[in-house]
Amino acid sequence: MAAVSKFFSNLYTMSLVFFTLFLLEILTLIRSLIGWKTSPDKRVITTAQYLKLIEERNPTTCFSRNFYQAGLPPPDLVVECRVCLSEFEDGEKIRKLKCDHVFHKECLDTWLQQFCATCPLCRTKVLPDDVVASYRRMRNQVEYDGNDEELIFLLSALHGKLID
């Protein structure tokens, strides 16, 4: 009798997990069909759009020792990226901000994506607050990417708790 009870308990749990996965798939399908629209005041921008805005306001240039004549420190000073702390080499892509601080393009772009959109040294704003807020909303959205690994792990953990 205990074996029959355990069988029906496991059957119930597996049915519950299957039904939950089925509902999630249906919701994902409906969401993709109707297109999840955000309201205009809650607009989001993609990473590509965010980086394009940074490029428009602070164009990338290539570093050269002749760059010193363009208003940077005299050549006798060591010029280095203050994010990665490595010296600039000829031909490297750099970005000069409005505050006159200079960084490797990749270092600064990574900084601006991960932290506030401010200069790493003086905290001068690189982009307006509304643009940064739109980008943060996009990064903070929980999107279903079709990867069921986390969901399966969660449901298997739940399954283990239901059986015990």
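**Exercise 1. The surroundings of N58**

Task: Determine which residues N58 is in contact with, leaving aside its neighbours within four places in sequence, and state where N58 lies.

Solution.
Step 1. In this predicted model, N58 is in contact with R95, K96, L97, K98 and V126, once neighbours within four places in sequence are left aside.
Step 2. As to its place, N58 lies in the loop between α2 (47–57) and β1 (60–62).
Step 3. The relative accessible area of N58 is 3%. Buried means under 20%, so N58 is buried.

**Exercise 2. The cavity**

Task: State how many cavities of 30 Å³ or more the structure has, and describe the lining of the largest cavity.

Solution.
Step 1. The count comes to one cavity of 30 Å³ or more.
Step 2. The volume of the largest cavity is about 40 Å³.
Step 3. Its lining consists of N58, L97, K98, C99, C119, T124, K125 and V126. N58, treated in Exercise 1, is thus one of the lining residues, and among its contacts are L97, K98 and V126.
Step 4. Sorted by character, the lining residues comprise four nonpolar, two polar and two charged.

**Exercise 3. The cysteines**

Task: Determine how many disulfides the structure holds, and examine C81 and C119.

Solution.
Step 1. The structure holds zero disulfides.
Step 2. For C81, the nearest cysteine sulfur is that of C107, 3.9 Å away. A disulfide requires sulfur atoms within 2.5 Å, so C81 is in no disulfide.
Step 3. For C119, the nearest cysteine sulfur belongs to C99 and is 3.6 Å away. The cut-off of 2.5 Å again applies, and therefore C119 is in no disulfide.
Step 4. C81 has a relative accessibility of 0% and counts as buried. C119 is buried as well, with a relative accessible area of 0%.
Step 5. Both C99 and C119 belong to the lining of the largest cavity.

**Exercise 4. The overall arrangement and the nonpolar core**

Task: Give the number of helices and strands in the protein, then state which elements give two or more residues to the largest nonpolar core.

Solution.
Step 1. The secondary structure comprises five helices and three strands. Along the sequence, their order is α-α-β-β-β-α-α-α.
Step 2. The protein has 164 residues, of which 23% count as buried.
Step 3. The largest nonpolar core has 22 residues, and Y50, F88, L112 and L127 have the most contacts inside it.
Step 4. Two or more residues of this core come from each of α2, β3 (102–104), α3 (105–114) and α4. The largest share, four residues, is that of α3.
Step 5. L112 illustrates the contacts: not counting residues up to four places away in sequence, it touches Y50, I54, A117, T118, V126 and R136.
Step 6. Considering contacts with a separation of 6 or more, residues 24 or more positions apart account for 54% of them.

**Exercise 5. A117 and S134**

Task: State whether A117 and S134 are buried or exposed, and list their contacts beyond four places in sequence.

Solution.
Step 1. A117 is placed in the loop between α3 and α4, whereas S134 lies in helix α4 (residues 129–140).
Step 2. The relative accessible area is 5% for A117 and 4% for S134. Both values are under 20%, so both residues are buried.
Step 3. Apart from residues up to four places away in sequence, A117 touches Y50, L112, T124, K125, V126, L127, V132 and R136. With neighbours within four places left aside, S134 is in contact with R43, V44 and I45.
Step 4. A117 and A133 are 16 residues apart along the chain, and their C-alpha atoms are separated by 10.0 Å.

**Exercise 6. Positive phi values**

Task: Give the phi of L85 and of R123, and state where each residue lies.

Solution.
Step 1. Most residues other than glycine have a negative phi.
Step 2. L85 is not a glycine, yet its phi is positive, about 65°. R123 also has a positive phi, near 65°, and is a residue other than glycine.
Step 3. L85 lies in the loop between β1 and β2 (93–96), while R123 is found in the loop between α3 and α4.
Step 4. The relative accessibility of L85 is 55%. Exposed means over 50%, so L85 counts as exposed.

Note on methods: Residues are numbered from 1 along each chain as its sequence is written. This is a predicted model: local features need pLDDT of at least 70, side-chain atom pairs count only at pLDDT 80 or more; totals for chains, interfaces and linings use all residues. Side-chain values use heavy atoms; hydrogens and water are left out. Buried means under 20% relative accessible area, exposed over 50%, partly exposed in between (1.4 Å probe, protein chains only). Contact means heavy atoms within 4.5 Å. On a 1 Å grid over the protein atoms alone, a cavity is a set of points where a 1.4 Å probe fits but cannot get out, and a pocket is an open set with protein on both sides within 12 Å along at least five of seven lines; lining residues have an atom within 4 Å of a point. Grid points are joined across faces, edges and corners, and a volume is the space filled by probe spheres set on the points. Ala, Val, Leu, Ile, Met, Phe, Trp, Tyr, Cys and Pro count as nonpolar, Asp, Glu, Lys and Arg as charged, and the others, Gly among them, as polar. A nonpolar core is a set of buried Ala, Val, Leu, Ile, Met, Phe, Trp, Tyr and Cys residues joined through side-chain atoms within 4.5 Å.
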